[in-house]
Amino acid sequence: MHWAVLAALLLALAAALLVEGYTQHLAGVGADHPSSPGASAAVPQTVTGGGPVIAARDGSVRTVRPGPDTVALTFDDGPDPTWTPKVLEVLARHHIRATFFVVGTEALEHPDLVRRIRAEGHEVGVHTLTHANLSLAPGWRRSLELRAGQQAVVAATGETTSLFRPPFSRDPAGVDDAGWSVIQEAGAQGYLTVLASSDSEDWQRPGVAAIKRNIAPRGSAGQVVLLHDGGGDRSQTVAALDQVIPQLQHRGFRFETVSDTVGLHGGMSPASVGERVASTTLLWGVRLSRFVVAALALALVLSGVVTVARALLVVEAAGRHRRRTRRDRSGRHRPGARPASPVTEPVTVIVPAYNERAGIEAAVRSIVASSHPVEVVVVDDGSTDGTADLVESLGLPGVRVVRQANAGKAAALNTGLRAARHGIIVMVDGDTVFEPDTVAALVQPLADPRVGAVSGNTKVANRGGVLGAWQHLEYVVGFNLDRRLFDVAECMPTVPGAIGAFRRSALDRVGGVSGDTLAEDTDLTMALCRDGWRVVYEDSARAWTEAPATLGALWRQRYRWCYGTLQAMWKHRRAVVQRGAAGKLGRRGLGYLLLLQVLLPLFAPVVDVFAVYGLVFLDPSRVVGLWSAFLIVQLLTSAYALRLDGEPLRALWAVLLQQVVYRQLMYLVVIQSVFTAVAGTRLRWHRMERYGSLRVPEAPTQTT
């Protein structure tokens with residue numbers, strides 16, 4: 001159901017973009033000079049030697065000229081909000097009527113002007129929907145341009161018109177084979193094609209005097225004069241009209257509409273109910289598409305601003321965190337900071353395990369090898385693959401196995417808490433290995449009595465291949481860089497299940513680990529923050545975890561993480577109005593998560609959609625430039641994060657490929673999670689696949 005709704009939204013968005021792109025960017029009103037004619041072998045002599053009004057229907061062709069001493073002024077490319085009213089004022093001043101061939105998109109944009117044209121006694125013709133050159137267009141587009149152009153006229157006036165003028169058309173003598181096919185198709189749809197016998201050439205802006213000369217007939221023969229009320233600056237046209245009309249009237253010429261000059265009755269007639277419905281649909285479809293595109297453009301701008309702001313924020317906070325930790329490790333503590341005396345008391349490490357046989361041995365052996373005194377409690381949560389038996393068979397000192405019926409990870413952690421013998425608890429997933437100094441580094445911040453929990457530095461162990469490289473970058477850039485920010489802002493929302501140290505008294509005060517959400521680590525961390533405890537990040541405490549090796553496994557893991565985080569955010573939403581540490585979590589931590597990890601990914605498709613939209617309908621170079629700027633911000637942020645974590649910069653190659661698969665997968669995870677949460681669906685537990693690839697790697701050299 002969720003995917004059906006999402007697919008419907010995407011289809012509606014695509015339709016809106018196609019409508020907006022087609023009507024606003026695929027063609028458009030501009031220079032209206034005719035193209036050079038091509039071959040004309042198929043054009044009847046009746047057309048090339050006939051009058052400018054052509055009826056081509058049912059295999060017959062008939063042309064008509066205006067009567068003697070008659071002029072039909074015709075105006076193309078409008079209506080224009082600046083020049084059409086000025087033209088109408090001139091016509092009204094001299095009490096004459098004319099014919100306006102309107103572009104459909106302009107008529108939809110300015111329907112009041114089309115209605116004014118009709119109200120003042122002028123007639124309207126179709127000049128296509130988007131001012132497309134129909135001679136170069138395929139059949140489907142010709143039909144669409146004519147039909148939609150007519151619907152635009154109906155939407156504005158409630159009437160249909162039988163008059164049509166092709167954009168970029170010439171006089172009858174200049175009709176070529178391509179133009180003739182357009183005339184024939186228009187005739188088949190019931191239109192009279194109106195060309196011109198006299199071109200004012202006002203589109204060239206030759207000057208008022210030249211336009212007057214081009215308008216004035218050489219003799220007494222009737223004329224259809226081509227002028228423009230849109231498509232550019234028409235000040236010369238307006239001035240020339242105001243001068244030439246009285247001059248021609250003095251010579252005995254009369255001015256009429258095209259229909260009147262050729263004796264056509266019913267050039268415009270009331271539209272049928274079906275035609276009105278179709279025109280209304282077109283009108284609101286175009287309006288809605290413009291609204292959608294405007295909204296998406298705003299979302300794109302906001303997404304860009306937030307992305308850049310986030311990059312600047314995390315880089316600045318990470319720098320502060322780095323300087324502070326270097327100062328603390330050198331023994332120069334700030335007032336109120338944790339004492340210099342190291343934490344040496346033993347630690348209980350709890351390893352919840354459900355069917356972890358593939359990696360549990362590496363995990364337990366790495367913990368036992370810690371330089372810090374530890375006891376290890378492996379809680380087997382009803383495994384069916386012999387996990388508990390394997391751990392017991394290792395015979396490792398200080399390792400106990402506690403078995404329970406399958407009850408979930410939160411229950412397993414609480415069982416481990418009850419079995420723990422020490423006041424400091426370290427929780428670690430069964431797919432994670434520690435370095436020898438990890439535990440010692442992880443527990444040192446607990447020397448500060450205000451600190452209730454410590455997040456370690458999770459690293460991807462199986463980072464080979466494209467998918468592994470993507471996740472490696474995400475852990476370093478997306479997770480660890482954010483944790484530095486959360487530490488500085490005192491609003492850490494998550495101590496990851498892969499590596500976290502806790503003060504046991506703090507755990508007891510919040511009632512242990514809750515099973516209310518699928519993100520028990522986030523839920524627990526938020527509860528500690530709301531109870532007044534500081535939660536910090538220790539980047540030197542490294543844990544190596546086994547990341548998903550397939551897109552399907554990655555989807556299931558991140559879906560569970562994201563959905564669980566949404567659950568935890570909702571559960572702890574009252575922190576927003578609380579004071580102290582709880583308020584910092586609510587207003588800083590939850591605000592950051594909502595904006596950066598929920599809303600921004602929801603708008604992330606806008607970047608991709610607009611990239612495709614821009615490449616098709618806009619200036620591709622500008623789109624590529626904006627995309628490159630977005631990519632540069634990501635590259636710089638990633639490079640800084642890698643340097644802070646002591647990682648080689650060669651991993652940056654994956655940032656480029658991240659843009660075309662991984663990023664889309666991650667924001668689809670967020671969208672699906674939000675749909676699931678809004679629908680109130682209870683998501684079941686998705687267990688991670690294990691691959692047995694864990695080894696204790698050589699600790700990387702820390703770059704300072």
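I began with the surroundings of Gln404: leaving aside residues up to four places away in sequence, Gln404 touches Val379, Asp380, Asp381, Gly382, Ala411, Ala412 and Thr415. The model I am reading is a predicted one. Gln404 belongs to strand S15, which covers residues 399–404. I looked up the accessibility next, and Gln404 has a relative accessible area of 17%. Gln404 is therefore buried, the cut-off being under 20%.

Which side chains make polar contacts with the side chain of Gln404? I found Asp381, whose side chain is in polar contact with that of Gln404 at 2.8 Å. I also found Thr415, with a side-chain polar contact to Gln404 of 2.5 Å. Both Asp381 and Thr415 are in the list of residues that Gln404 touches.

**Helix H14**

Thr415 led me to helix H14, since Thr415 is among the buried residues of H14. H14 runs over residues 409–419, and nine of its eleven residues are buried, so the helix is largely enclosed by the rest of the structure. I noted the buried ones as Lys409, Ala410, Ala412, Leu413, Asn414, Thr415, Gly416, Leu417 and Ala419. What do they pack against? I listed four strands, namely S13 (347–353), S14 (374–381), S15 and S16 (424–427). I added two helices, H17 (504–509) and H18 (520–530).

**Cysteines**

How many disulfides are there? I count zero. I checked Cys491 and found that its closest cysteine sulfur is that of Cys529, 7.8 Å away. A disulfide needs the two sulfurs within 2.5 Å, so this pair is too far apart for a bond. From the side of Cys529, the closest cysteine sulfur is in Cys491, again at 7.8 Å. I then asked whether these cysteines are buried or exposed. Cys491 is buried at 2% relative accessibility, and Cys529 is buried at 3%.

**Helices H3 and H5**

I looked at how H3 (residues 83–93) and H5 (residues 111–119) are placed; their axes come within 11 Å and cross at roughly 10°. Angles under 35 degrees count as roughly parallel, so H3 is roughly parallel to H5. On the H3 side, I find Thr84, Pro85, Leu88 and Glu89 making the contact. On the H5 side, the contact residues are Leu113, Arg116 and Ile117. Sorted by class, the H3 contact with H5 holds four nonpolar residues, one polar residue and two charged residues.

**Backbone in the loops**

I went through the loops for backbone values. Where does the peptide bond from Gly78 to Pro79 stand, cis or trans? It is cis, with omega near 0°. Pro79 is in the loop that links strand S3 (70–78) and H3.

I noted a positive phi in Asn355, near 50°, in a residue other than glycine. Asn355 sits in the loop between S13 and helix H12 (357–368). Its relative accessible area is 14%, so I put Asn355 down as buried.

Glu490 also has a positive phi, near 55°, and is a residue other than glycine. I place Glu490 in the loop between helix H16 (465–489) and strand S19 (500–503). At 29% relative accessibility, I recorded Glu490 as partly exposed.

Terms used: Residues are numbered from 1 along each chain as its sequence is written. This is a predicted model: local features need pLDDT of at least 70, side-chain atom pairs count only at pLDDT 80 or more; totals for chains, interfaces and linings use all residues. Side-chain values use heavy atoms; hydrogens and water are left out. Buried means under 20% relative accessible area, exposed over 50%, partly exposed in between (1.4 Å probe, protein chains only). A polar contact is a pair of N or O atoms within 3.5 Å; within protein, one must be able to donate a hydrogen and the other to accept it, and residues adjacent in sequence count only if both atoms are side-chain atoms. Contact means heavy atoms within 4.5 Å. Axes are lines fitted to C-alpha atoms, for helices over the stretch in contact, and angles run from 0 to 180 degrees between N-to-C directions. Angles under 35 degrees count as roughly parallel, over 145 as roughly antiparallel, 65 to 115 as roughly perpendicular and the rest as oblique. Ala, Val, Leu, Ile, Met, Phe, Trp, Tyr, Cys and Pro count as nonpolar, Asp, Glu, Lys and Arg as charged, and the others, Gly among them, as polar.
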